[in-house]
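Visitor: I should like a close look at a single part of this assembly, together with the surfaces on which its neighbours meet. Please take me through it in order.

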Amino acid sequence: MLNKNSKRKLNKILLYVVLITITVVMLVPFLWMVSASLKFDKDVFTVPIKWIPENPKWNNYKVIWTKIPLMKFVLNTSKITLIVTVLQLLTSSFAAYAFAKLRFKSKNALFLGYIATIAVPWQVYMVPQFIMMRSIGLNDTHLAIICLQAFSAFGVFMMRQFYQGVPDSLCEAARIDGMSEYKIYTKIMLPLSKPALSTLTIFTFVATWNDFLGPSIYLTTESKKTLQIGLRMFIGQYSSEYGLIMAASVISLIPVLIVFLCLQKYFVEGVAATGIKG
Amino acid sequence: MAYDHMKNRELSLQEAEEKQKKLNELNAKMKQLQERLMTEFNTWGLDSKKDKDKIKEKDKLLREMQKTQRTIEKLKTGKLLSRDAKRSLVAYSFIAPNFIGFAIFTLLPVIFAFILAFMSWDGNNPIQFVGLANFKRLAEDTRFLAAIKNTIVYCIATVPFTLAAALGLAILLNKKIKGRAIFRAIGFFPYVASLIAVATVWNNLFSPGAGLVNVMLTNLGVAKQNLPGWAADADWAMFTVVAFSVWKSMGYYMVIYLAGLQGISGELYEAASLDGANALQKFRNITWPQLKPTTFFVIIMLTINCFKVYDQVYMITQGGPGTSTLVLVYHIYQTAFVTSSDYGYASAISMVLFALVLLVTVVQFRGEKNYAND
Amino acid sequence: MRKGKKVISLVLSCALVLTMFTGCGTKKNNSKEETKQEDVATDTTTDSATDTTDSTAEKTKIRWAVWDVAATTYYQPVIDAYVAKNPNVEIELVDLGSQDYMTALATQLAGNDTNLDVVTVKDIPGYTNLVSKNVLEKVDTSALDLSVYGGITEQIEINDQIYALPYRSDFWVVFYNKDIFDAAGVDYPTNDMTFEQYDDLARQVTKTDLGNEVYGAHYHTWRSAVQLFGILDGKSSIIDGNYDFLKPYYEMVLNEQKDGVCQDYATLKTSSLHYSGAFAQGNVAMMNMGSWFIPTLIEKIKIGEYTELSNWGLVKYPHAEGVEPGSTLATITSLAVTSASKNKEIATDFMNFVCGAEGAEIIASTGTFPAIKTDSVVDAISGMEGFPTDANSAEALRTANTYLEMPVYDKSAEIEVVLNDGHDYIMTETMTIDEGIAYMNKEIDKIINK
């Protein structure tokens, strides 16, 4: 019989073996990307794969900044992404509170309306939406993309689900104490929803950062374009230059990973840390 | 309100008396109801399963109390805005900032698209009403029939695998282990990486000729003629797309589950440990029930996203070989922008998609309602 | 409240529908006015230049929808030349990206209101589609000499009218790697080859040694690369619903694939290997591709990127037994003025300039084939530095008959999708050749008889 300690050790080793296997599966494509970004185009597909190129072509990372206005694209994308994320967080957590914790007329109908739109593919209403945006003068503006992304049904839905998990008794108690709903939202709900908010931040950030079709329809002036359009344009024009394409992809990935790493610590300080029973 | 006051003054004495009588009646009823509530339902800890009927009864009682209270207030003050209406107003003020933007930029175009399903429109020429003609066409459209079959197959294959992988990964990465942040980032990585880049990589790894996967299979002793052709093989193409989708999106749902897991109090697990529960029992009796709102969300989003799959297919197989991975949204896209500009017909197809999603959502909602009655 | 919401949403959506209707209504009026305007315009075209110089206060901006601005060398020279002649006009390039170009364009033009004045029409299905939407202006051909286009304009007529002017016209040739033929001691391909001779040649230079393969032929994954061999006899058509004539060509290519003469379609498709990458690896002897590859090839060899490839040549497409050599496929790119443009006269003037003789010369000077293919244009390209010096390569640029990759037909886009599926089925060997052809016959018959 194993004693408790060695059993625990064995478990731990097993856990790490599983984790490392998963990591390898997850990371192979990333390694391939990085390795391809340092190769000459003709070497990208050689068999068997050479993971570490003999003379890494660091130049790829220099060249892409000059081939397309990458800096401008990064700035545009950052601006749009930041505004969208802030708006999304504010408005959808606000609305979600009402959907989760307040009683009001036609609540279910409104909520179904939100979910229903998630189920309709964008390709179907893209043209009417474009005509409408153009008629109010938003064609070829960053504002169009912001309006498109900031009021998504997804954010409301997600936040509602998290608030639903917060016990009603908390709000009831506050109401009895005479707190207004706005106060309950800011003083009780917001602090509790850190994990949910950081999740939404990451999702909104990633979705806006990687959005391609929306900007490509609305933004036609070169100086207003975003990183993903730039990446696509780049692939369209240099479709055989895999080294450069992969270098550009790696660069586009870095900001998102940074945001993720910064926010993921909030996943551990949530409702549980404040000591409220679930 | 001024009008009401005037009206009040005009009330004859008789009417006033009647009013007072009614008020007294109502007050008495209210008192009775309150007493019932105190005596019959004074326990807060009702179990959702065992006391289902009792909870329903309690809700009924509460509703009746509210109604009575409302009538009393109306009679007393003659005010138009009841407390209830005020509460609704507060709620609307919460929803408004998001809803206004949402209604203008999303809901309106979506409603328009729905109307289009009964129209014929190419984006420029006048819209014509065609009734159900677009829907009649669906039955004869071989590509549509192939697409609907492929979409359902894709969903059935993708949803359970993604769900299981995401939950498993989340539980694993919620443990206190060294380098947890890094592991989480790695798990999330396929989702954040640009689709263009990872699809290219994936296609090369699964290349039928000399891709890493087939090279490995050859080394394991698989005969050359038995090697799967993956994305270029009608028998394996759907599998390749599903595998890619699971791999790409499991990190996303893992993050949702991770956030959900934070909502579970550690005390619950401690108590269970004291009772001598093993890991499986803890999962079944604590983790899984506590994660219900999260799972509800994950399943709905996952189902909707699966029904709406487009990018993955576009990047991996372009719907091929032939129509073997053609999915609904791909067909919608082709109808609207490639083969024709038939927005009416494209809308009709999306109505079918919508109906499918609605079906799944309503079933899920039923499930959630039962849970939410706790 | 719930009722109220419903009512509101209904009213709003009705309003949206109404605006669209009225949008279309005004469009109709417009088109009537247009015809009037056009009459005036034709009278005043000669003075229009002076007219615009008078009103120098503001420059007229013409927005031109294109793709791949950075990789295309002739946009800027053409614009510079035009603006030099018309200083009051400013041309702005609007890059809609190459991959979703037609989608983005259709959206921009939707609802009969756009800020685009001149649009590039990428392919024939796209052209047919835009014409059916009534978003392109008819080209006033009264003052134009269409004979310079060598019959292309006749092929894009719809009800005796054309709605776009071609400015680029590419055709397909066979690129070959001279070093491979030298090493194998086999004679170079010629401008007069039958398909049997071509197949034979490909097999002679093929080597199947593992790790050192040499492929006699290379077919890019597009259906055009195989299917359109079939229409070069001038008798078969890609839109008439019967595809039995494709059988010999599929047999040839599939046999080559089986024997390792060409690379496996499935592999090429999944790895999305670009044709230029395939040819640049130096182990492909012959590759059929469009003439647009010529400037790229010259440029890449010049800057030293293609280290495995230096010695290449061109020959005409192979031909079926008993058919005159020199028949090939044409891919045309054209310009059109939008109906919703607010500066139609200037836009038309610009279109005529780019598609006319002056534009053609400028485009040719960058190594791209303009739609007007005079002898001097062909000489200019074959005289470029880096172009193969043998006589056959220069001769290969002179074509006998050119057939459009896809003819003008209102169902061409739908047919194209089925043809792509059929090609995919046959080339991945999901279906046999007979099954694949039967599939195309059946599905396309349905489309034609709808």
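What share of the contacts in chain C with a separation of 6 or more comes from residues 24 or more positions apart?

Guide: The share is 76%, two residues being in contact if their C-beta atoms, placed from the backbone, lie within 7 Å. This is a predicted model, in which local features need pLDDT of at least 70 and side-chain atom pairs count only at pLDDT 80 or more, while totals for chains, interfaces and linings use all residues. Residues are numbered from 1 along each chain as its sequence is written, and chains are lettered from A and ligands numbered from 1 in the order in which they are written.

Chain C contains 18 helices and nine strands; these are DSSP runs numbered from the N terminus, helices being H or I of at least four residues and strands E of at least two. Of the 450 residues in chain C, 47% are buried, that is, with 20 or more other C-beta atoms, placed from the backbone, within 10 Å of their own.

Turning to the surface shared with chain A, 27 residues of chain C are in contact with 25 residues of chain A. On chain C, the elements that give two or more residues to this side are helix H1 (2-54), strand E2 (89-95), helix H3 (101-109) and helix H11 (275-280). By class, this side of chain C comprises 10 nonpolar, 10 polar and seven charged residues. Here Ala, Val, Leu, Ile, Met, Phe, Trp, Tyr, Cys and Pro count as nonpolar, Asp, Glu, Lys and Arg as charged, and the others, Gly among them, as polar.

Methods: A residue is buried if 20 or more other C-beta atoms lie within 10 Å of its own, exposed if 12 or fewer, and partly exposed in between; C-beta atoms are placed from the backbone.
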